[in-house]
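Hello,

Here is the structure we talked about handing over. Please open it alongside this email; my notes on the pockets, the cavities and one strand follow.

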Amino acid sequence: MRKDVRILLVGEPKVGKTSLIMSLVSEEFPNVVPYRAEEITIPADVTPERVPTHIVDYSEAEQTDEQLFQEINKANVICIVYSVNNKNSIEKVVSHWIPLITENTDKDSRVPLILVGNKSDLVEHSSMETILPIMNQYSEIETCVECSAKNLKNISELFYYAQKAVLHPTGPLYCPEKKAMKSLCVKALSRIFKVSDLDNDGTLNDNELNFFQRTCFNSPLEPRALEDVKNVVRKNLSEGVCNDGLTLKGFLFLHTLFIQRGRHETTWTVLRRFGYDDDLELNQDYLFPLLKIPPDSTTELNHNAYLFLQSVFDKHDKDQDCALSPEELADLFDVFPYMPWGADVNNTVCTNEQGWITYQGYLSQWTLTTYLDVQRCLEYLGYLGFSIIAEQESQAAGITVTRDKKIDLQKKQTQRSVFRCNVFGDGGSGKSSFLQAFLGRNLTDQKLIKEEHKSYYAINTTYVYGQEKYLLLHEVFPDFDYLSDVDLACDVVCLVYDVSNPHSFEYCANVFKQYFLDSKTPCMMIAAKSDLPEVKQMFGCSPLEFCRRYRMPPPQSFTCNTAAAPSRNIYTRLTTMAMYPHARLRCMCTCNRCTFCLCQNFLNSELLQMVRAKLSTVLLRRHMSPTDLKTSTFWLRASMGATVFAVLGFAMYRVLLKPR
């Protein structure tokens with residue numbers, strides 16, 4: 001809605017422009033009328049539309065043509081006043097005022113006009129027969145009002161219609177010549193119908209109509225009123241009601257009827273509730289609500305957004321096969337002005353055997369969009385009508401902004417659900433295959449992917465300690481000298497080298513030493529193509545020695561040249577490392593919950609290392625001889641080892657055996 005309305009009154013001298021304004025303000029006809037009334041402002045709480053209104057008078061005697069042109073440009077609506085008992089003033093409406101206004105306004109944004117016939121108290125007949133042909137000739141004329149400043153007849157109505165012409169204009173909605181709604185209006189109302197059709201059966205049943213009514217007008221319809229609406233549509237349009245539900249044709253017919261009967265505000269209320277502006281475009285404030293994202297924070301969908309997206313999926317999965325066919329996907333995005341997902345999406349998320357996006361893949365793609373480009377996600381949710389259907393203030397209510405990653409590291413725990421893994425490796429090392437394997441595709445499946453449909457992202461769910469998390473893999477272009485901050489910002493690093501290429505490991509080693517040696521980001525080395533014969537890497541040390549030297553897990557063998565889907569164990573390990581970067585996990589078993597794994601993690605924990613360091617410091621301060629120190633160290637290790645295993649054994653008994 002506009003913040004205010006500016007009304008300009010023009011017309012020939014002595015037609016009563018100033019008298020109309022003064023009669024409105026004082027509620028009585030003035031005895032003395034000046035040449036021109038000063039601009040007045042009517043407060044919002046006084047006007048029917050609750051919008052501040054500025055009323056501006058024009059006087060040929062006191063103002064120049066230049067001042068008139070300026071006022072025409074600033075006006076939101078112009079009232080052309082004529083005297084009903086003066087034929088010359090009526091003729092001037094067509095011969096002078098309408099052409100003058102047309103020449104001084106933008107062709108793309110015509111200002112609405114109101115024809116005002118004043119001094120109706122001086123005649124017994126109406127001027128409407130003369131005015132109607134003029135109204136039919138000029139589409140920018142909204143309406144005509146006959147009034148009397150002396151008798152206060154239709155004075156309030158005049159300015160109400162002027163307000164209405166600005167706030168609820170007919171021009172964008174309806175074409176009088178064709179007696180039909182304009183294409184943009186039909187397009188907007190069709191989207192609104194589709195969003196409101198919650199079960200996607202092509203009709204609005206009573207529950208959906210009531211939800212729509214409550215959403216737009218804050219009150220449901222009584223059963224009798226619902227039947228009356230449907231009966232009106234049935235009477236005028238046979239295809240307007242089907243299976244006792246309102247069809248799209250019936251929905252459009254109703255709004256055409258509202259407009260033809262002068263109830264534009266009803267249609268505009270619906271349009272604005274669903275985010276449309278005066279040009280019937282979705283408002284930028286609606287599509288992109290304010291969302292503050294601090295540095296080092298990420299964005300994720302919350303529970304409300306996932307529930308909404310699940311309902312959208314179920315609504316369009318007509319065959320209930322838990323996948324969206326190309327036709328179903330096109331139907332889902334029919335409310336968008338463009339197709340948001342390209343062919344690369346099918347190689348970014350999981351698909352079924354037919355190449356259709358599965359339910360899990362659908363949610364994964366939304367998660368990816370939210371993480372990488374939250375503004376685009378807000379826009380998409382706006383097209384789908386999230387704020388209306390979920391009854392939220394805006395799309396921002398569906399987004400969770402995570403806390404600073406530094407706080408997660410300090411507290412050694414995180415509440416995040418999406419973790420990013422940047423995959424580095426030289427050309428031909430197997431990075432792309434590593435990404436596709438995460439989606440369950442072996443080497444045979446990957447050969448069917450066209451180069452133009454290749455994706456540099458892959459996202460899927462993994463389970464860490466029984467919790468479902470999203471792991472986002474991003475393949476980084478192998479240009480060592482031009483790695484950007486985006487390439488380096490992640491939760492875990494994956495360094496991929498080809499075991500059959502003697503020069504492949506060198507790139508990974510150099511990337512690690514150049515960018516991640518002093519970083520707190522955990523790194524993992526992947527020995528890809530492990531089904532091929534392993535050759536010695538032409539580097540100063542072997543990959544295993546390199547990992548030991550820099551306190552990394554040993555290189556993990558990986559291949560996607562399998563008959564079935566590749567193993568997912570390595571992706572679980574990557575997610576675990578991303579969730580617990582402080583843990584420095586040494587045991588790389590799949591579960592991270594077995595006794596051996598827990599023991600290894602405890603023995604390598606920072607707490608135990610700190611205790612051992614303090615004990616050694618205390619012993620050294622006592623000036624022990626080297627021989628005594630060796631002996632003491634031996635017994636210290638023995639006692640510490642015995643204590644640790646006793647404690648762990650008792651803990652395992654309580655955790656694993658006692659519940660059984």
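**Cavities, pockets and a buried strand**

By class, five nonpolar, three polar and four charged residues make up the lining of the largest cavity. Please keep in mind that this is a predicted model.

That cavity has a volume of about 70 Å³. It is one of two cavities of 30 Å³ or more in the structure. Its lining consists of Lys405, Asp408, Leu409, Lys412, Gln413, Thr414, Arg416, Phe419, Ala578, Met579, Pro581 and His582. Two elements, helix 17 and helix 23 (569-579), give two or more residues each. Helix 17 gives the most, with three residues.

The second largest cavity has a volume of about 40 Å³. Ile98, Ile101, Thr102, Thr105, Arg110, Val111, Leu113 and Glu140 line the second largest cavity. Here helix 3 (residues 87-103) gives the most, again with three residues. The class split is four nonpolar, two polar and two charged residues.

**Pockets**

Now the open sites. The largest pocket has a volume of about 1500 Å³. It is lined by 49 residues, and the closest to its centre are Ser139, Glu142, Thr170, Gly171 and Pro172. The lining has 22 nonpolar, 15 polar and twelve charged residues. Which domains supply it with at least three residues each? They are domain 1 (5-167) and domain 2 (177-281). Several elements give at least two residues each to this lining, among them helix 2 (65-74), helix 4 (128-137), strand 6 (141-146) and helix 5 (155-167). Helix 6 (183-196) and helix 9 (248-260) are also on that list.

The second largest pocket has a volume of about 730 Å³. Of its 28 lining residues, Asp296, Thr298, Lys405, Ala489 and Cys490 are the closest to its centre. Lys405 also appears in the lining of the largest cavity. By class, the pocket lining has twelve nonpolar, six polar and ten charged residues. Domain 3 (286-402) and domain 4 (411-595) each provide at least three residues. Helix 14 (359-372), helix 17 (405-411), helix 20 (485-488) and helix 21 (504-516) each supply at least two.

**Strand 16**

Is strand 16 (residues 418-425) mostly covered or mostly open? It is mostly covered, with eight of its eight residues buried. Val418, Arg420, Asn422 and Phe424 point one way. Phe419, Cys421, Val423 and Gly425 point the other way. Phe419 is also one of the residues lining the largest cavity.

Strand 16 has parallel partners. With strand 18 (residues 467-475), the pairing is parallel over six bridges. There, Cys421 stands opposite Leu473. With strand 19 (residues 492-498), strand 16 shares five bridges, and the two run parallel. In that pair, Phe424 stands opposite Leu495.

**Ser387**

One last residue to look at. Ser387 lies in helix 16 (residues 386-389). Why does Ser387 count as buried? Its relative accessible area is 3%, and buried means under 20%, so Ser387 falls within that class. Leaving aside residues up to four places away in sequence, Ser387 touches Arg273, Tyr286, Gln392, Glu393, Ser394 and Gln395.

Best wishes

Technical notes. Residues numbered from 1 in each chain as written. Predicted model: local features only at pLDDT ≥ 70, side-chain atom pairs only at ≥ 80, totals over all residues. Heavy atoms only, no water. 1 Å grid on protein atoms, 1.4 Å probe; cavity = no way out; pocket = protein on both sides within 12 Å on 5 of 7 lines; lining within 4 Å. Points joined across faces, edges and corners; volume = space filled by probe spheres on them. Helix = DSSP H or I, 4+ residues; strand = E, 2+ residues; numbered from the N terminus. Nonpolar A, V, L, I, M, F, W, Y, C, P; charged D, E, K, R; others polar. Domains from an automatic or database assignment. Buried < 20%, exposed > 50% of the residue type's maximum accessible area, 1.4 Å probe, protein only. Contact = heavy atoms within 4.5 Å. Pairing = 2+ DSSP bridges.
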